[in-house]
Amino acid sequence: MLAHMRELDMPLDGEADTRTSTALAIALATRATGVTLTPTHYAAEPIVGSID
């Protein structure tokens, strides 16, 4: 993960960052998993259910 964080120029060791943390988190997740989220993913209804 550290290599991905460095490639994205993410803050390390508590450094301040003015970029959107959500955008950085999604970029990191994309690099780590190889799954790219698109606007279609965000527009879809979530699938939820009870386990009771």
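This is a short tour of a predicted model, stop by stop.

**Whole chain**

Start with everything selected and colour by pLDDT. The average is 84, and 96% of the residues score at least 70. Which element has the lowest mean pLDDT, and which the highest? Helix 3 is lowest at 81, while helix 1 (residues 2-7) is highest at 90.

Switch to a cartoon. There are three helices and zero strands. Read from the N terminus, the order is α-α-α. The radius of gyration is 15 Å, well over the 10 Å that the globule rule gives for 52 residues, so the protein is more spread out than a compact globule. Align the view to the principal axes: the C-alpha atoms fill a box of roughly 40 × 25 × 20 Å.

Now show the surface. The accessible area comes to about 4500 Å². Carbon and sulfur atoms account for 59% of that area. Buried residues make up 10% of the 52 in the protein.

**Helix 1 and the loop after it**

Select residues 2-7, which are helix 1. Show the side chain of E7, since a salt bridge starts here. E7 has a relative accessible area of 53%, over the 50% cut-off, so this residue counts as exposed.

Move on to D9. This residue lies in the loop between helix 1 and helix 2. Check its backbone: phi is near 55°, a positive value in a residue other than glycine. D9 is exposed too, because its relative accessibility is 58%.

**Helix 2**

Select residues 21-33, the 13 residues of helix 2. Put a distance label between the end C-alpha atoms. They are 18 Å apart. At 1.5 Å a residue the helix should span 18 Å, so the model agrees with the expected length.

Add R31 as sticks, with E7 still displayed. What do the side chains of E7 and R31 form? They meet in a salt bridge, 2.6 Å from N to O. The pair links distant parts of the chain, with E7 in helix 1 and R31 in helix 2, 24 residues apart. The structure holds one salt bridge, so there is no second one to look for. R31 has a relative accessible area of 37%, between the 20% and 50% limits, and is therefore partly exposed.

Step to G34, which follows helix 2. Its phi is positive, near 80°.

**Helix 3 and the surface patch**

Select residues 39-43 for helix 3. H41 sits in this helix. Is H41 exposed, partly exposed or buried? At 45% relative accessibility, H41 counts as partly exposed. Draw a distance from H41 back to T30, eleven residues away along the chain. Their C-alpha atoms are separated by 13 Å.

Y42 is in helix 3 as well. Select Y42 together with V35 and L37, and turn the surface back on. Which kind of patch do these residues form? The patch is nonpolar and lies on the surface. Together the three residues have about 300 Å² of accessible area.

**Last view**

Keep two selections on screen to finish. One is the E7–R31 salt bridge, which links helix 1 to helix 2. The other is the nonpolar patch of V35, L37 and Y42.

Key: Residues numbered from 1 in each chain as written. Heavy atoms only, no water. Patch = residues over 30% accessible without salt bridge, like charges linked within 9 Å, V, L, I, M, F, W, Y side chains within 5 Å. Areas by Shrake-Rupley, 256 points an atom, 1.4 Å probe, with all protein chains shown as cover. Salt bridge = Lys/Arg side-chain N within 4 Å of Asp/Glu carboxyl O. Helix = DSSP H or I, 4+ residues; strand = E, 2+ residues; numbered from the N terminus. Expected span 1.5 Å × (residues − 1). pLDDT = per-residue confidence, 0-100. Buried < 20%, exposed > 50% of the residue type's maximum accessible area, 1.4 Å probe, protein only. Rg over C-alpha atoms; globule rule 2.2 N^0.38 Å.
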